[in-house]
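Biologist: Please take one close look at the interior of this model for me, starting with its enclosed space and then going on to the packing of the aromatic rings. I would like one connected account, with the distances and angles stated.

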Amino acid sequence: MEIEELPDLKVAWHESYKCLDEPLLEYVWEVANHFLPDYEDMSSAPAIFANRYAERNLSVEERYERAKEMRAFKSSLEKYKETSYRKLDDSFKEKFLSNEDLQNTIEAYKLDVSKFWYLLLFIYDFIGDIGTNAPALNKSVLEDFSYFHVNLLEATSITLKKNNRKSYVTEREDTIKVIQAALQYFVKTYSDIVHGDKETMINRLKDIGLEGFIKNDLSISFEEKSSLDISYKKWKFTDMFLYFLKDRKATVSPNTKMKVSKDKMMFISRLIYTVGYDGKRYNEEYDSEGNKNRMLSNLLRKYSKEQFPSVIANNYMVQS
């Protein structure tokens with residue numbers, strides 16, 4: 001069995017729509033548009049993922065030349081080397097392909113193995129993005145901005161108030177689109193800022209009028225980074241795959257000789273084992289005493305009354 005290779009699309013994050021016709025990203029689009037919505041509900045994540053996949057084995061010099069060709073970076077190689085970089089990890093590919101139980105389940109769900117592989121890579125890479133050395137922000141500010149961001153992208157009218165009285169109202173579609181695009185530009189600019197060195201960050205924040213954010217009591221901490229506990233990574237991983245599988249059912253021919261688990265939680269549990277979040281116990285349907293594997297269900301039950309922590313993605317430019 002072989003995975004069909006995703007071509008190097010060389011599509012900028014703000015032109016993600018150019019990836020719509022790439023069949024290997026079909027499942028990625030399905031999940032990205034739900035969990036990482038962007039301008040007009042079209043996520044920029046598929047293009048970001050495709051670029052990260054294309055450059056995963058390139059040297060820093062080769063990545064720089066590719067970025068220049070795409071007009072995604074205009075400064076010098078020295079400046080490019082100063083930007084932080086987390087390589088996309090696809091080291092578990094053979095583990096994915098050789099897991100017979102997992103592959104039988106993928107077949108039972110009538111999923112395309114290549115498309116599913118890229119979905120698995122995308123979700124794993126996104127969780128690595130929000131869960132490893134992510135910028136630490138004040139929770140209340142981050143949540144407020146996220147709420148505003150989501151609602152503005154869905155807005156059909158905008159109302160401004162001054163001293164509790166309406167001062168401006170618009171329902172003009174073109175005006176709202178300009179404001180939405182401006183916010184998206186800010187999100188991209190902010191992402192670029194937090195990836196630079198401390199002095200550059202401070203100067204750039206001053207340049208765009210956000211010098212107040214330099215103070216620790218407002219939001220950004222340049223020194224501190226946050227990392228998610230492995231249990232939270234499993235939680236988000238499961239959430240994203242349950243969404244993908246929610247309308248899908250496994251079917252097995254009555255004449256088949258292979259044993260296939262059709263349980264969605266077992267399916268996801270084996271994926272968790274595949275990416276290395278946990279050991280073989282997550283891959284086994286039954287324990288040594290013959291009890292059905294409920295480890296993942298029990299983990300999620302533990303957090304059933306909690307909210308997922310507010311975290312921000314480094315590369316995917318969203319809050320989760």
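**A close look at the interior**

Modeller: The largest cavity has a volume of about 60 Å³. The model is a predicted one, and the distances, angles and volumes that follow are computed from it. With a threshold of 30 Å³ or more, the count comes to four cavities. The lining of the largest is made up of Asp263, Met265, Met266, Ser269, Lys292, Asn293, Arg294, Met295, Leu296 and Ser297. Two elements, α12 (264–275) and α13, each give two or more residues to that lining.

From the cavity I turn to helix α7, where several aromatic contacts can be followed. Helix α7 covers residues 113–131, 19 residues in total, and spans 26 Å from its first C-alpha to its last, which is close to the 27 Å expected at 1.5 Å a residue. Since 19 of its 19 residues are buried, α7 is largely enclosed by the rest of the structure. At the start of this helix, a side-chain oxygen of Asp112 comes to within 3.0 Å of the backbone nitrogen of Ser114.

The aromatic packing deserves the longer treatment. In general, a pair of aromatic rings is described by two quantities, the distance between the centres and the angle between the planes. When ring centres within 6.5 Å are taken as paired, the count comes to 26 aromatic pairs. In one of them, Phe92 and Tyr124, the ring centres are 5.0 Å apart and the planes stand at 80 degrees, and because an angle over 60 degrees is counted as edge-to-face, the pair falls into that class. Phe92 belongs to the loop between α4 (77–82) and α5 (93–98), while Tyr124 belongs to helix α7, so that this pair links distant parts of the chain, 32 residues apart. Both partners are shielded, for Phe92 is buried and Tyr124 is buried as well.

A second pair takes another residue of the helix to a more remote stretch of sequence. The rings of Phe122 and Tyr316 have centres 5.8 Å apart and planes at 80 degrees, so this pair is also edge-to-face. Because Phe122 lies in helix α7 and Tyr316 in the segment after α13 (295–302), the contact ties together parts that are 194 residues apart in sequence. Phe122 has 0% relative accessibility and therefore counts as buried, and Tyr316, with a relative accessible area of 1%, is buried too.

Phe92 and Tyr124 also belong to a wider group, since one aromatic cluster is formed by Tyr27, Phe92, Phe96, Tyr109, Phe116, Trp117, Tyr124, Phe237, Phe241, Phe244, Phe267 and Tyr277. One member of that cluster, Phe244, has a charged partner: the charged end of Arg248 sits over its ring, 3.9 Å from the centre. A further arrangement of this kind is found where Arg56 lies over the face of Tyr53, at 3.7 Å from the ring centre.

Some details around the neighbouring helices complete the picture. In helix α5 one finds Glu94, which counts as exposed because its relative accessible area is 55%, a value over the 50% limit. Glu94 and Thr274 are 180 residues apart in sequence, yet their C-alpha atoms are 9.5 Å apart in space. Asn99 is placed in the loop between α5 and α6 (100–108), is buried at 8% relative accessibility, and has a side chain that reaches the backbone nitrogen of Asp101 at 3.3 Å. Lys81, in helix α4, is partly exposed with a relative accessible area of 45%, and its C-alpha is separated by 7.1 Å from that of Val60, 21 residues away along the chain.

Two loop residues should be checked for their backbone angles, given that most residues other than glycine have a negative phi. Arg71, in the loop between α3 (60–69) and α4, has a positive phi of about 60 degrees although it is not a glycine, and Arg71 is exposed, with a relative accessible area of 72%. Lys110, in the loop between α6 and α7, likewise has a positive phi, of about 55 degrees, without being a glycine, and at 62% relative accessibility Lys110 counts as exposed.

Conventions. Residues are numbered from 1 along each chain as its sequence is written. This is a predicted model: local features need pLDDT of at least 70, side-chain atom pairs count only at pLDDT 80 or more; totals for chains, interfaces and linings use all residues. Side-chain values use heavy atoms; hydrogens and water are left out. Helices (H or I, at least four residues) and strands (E, at least two) are DSSP runs, numbered from the N terminus. The expected span of a helix is 1.5 Å times one less than its number of residues. Buried means under 20% relative accessible area, exposed over 50%, partly exposed in between (1.4 Å probe, protein chains only). A polar contact is a pair of N or O atoms within 3.5 Å; within protein, one must be able to donate a hydrogen and the other to accept it, and residues adjacent in sequence count only if both atoms are side-chain atoms. Rings of Phe, Tyr and Trp (its six-membered ring) pair if their centres lie within 6.5 Å; planes under 30 degrees apart count as stacked, over 60 as edge-to-face and the rest as tilted. A charge sits over a ring if NZ of Lys or CZ of Arg is within 6 Å of the ring centre and within 35 degrees of the ring normal. On a 1 Å grid over the protein atoms alone, a cavity is a set of points where a 1.4 Å probe fits but cannot get out, and a pocket is an open set with protein on both sides within 12 Å along at least five of seven lines; lining residues have an atom within 4 Å of a point. Grid points are joined across faces, edges and corners, and a volume is the space filled by probe spheres set on the points.
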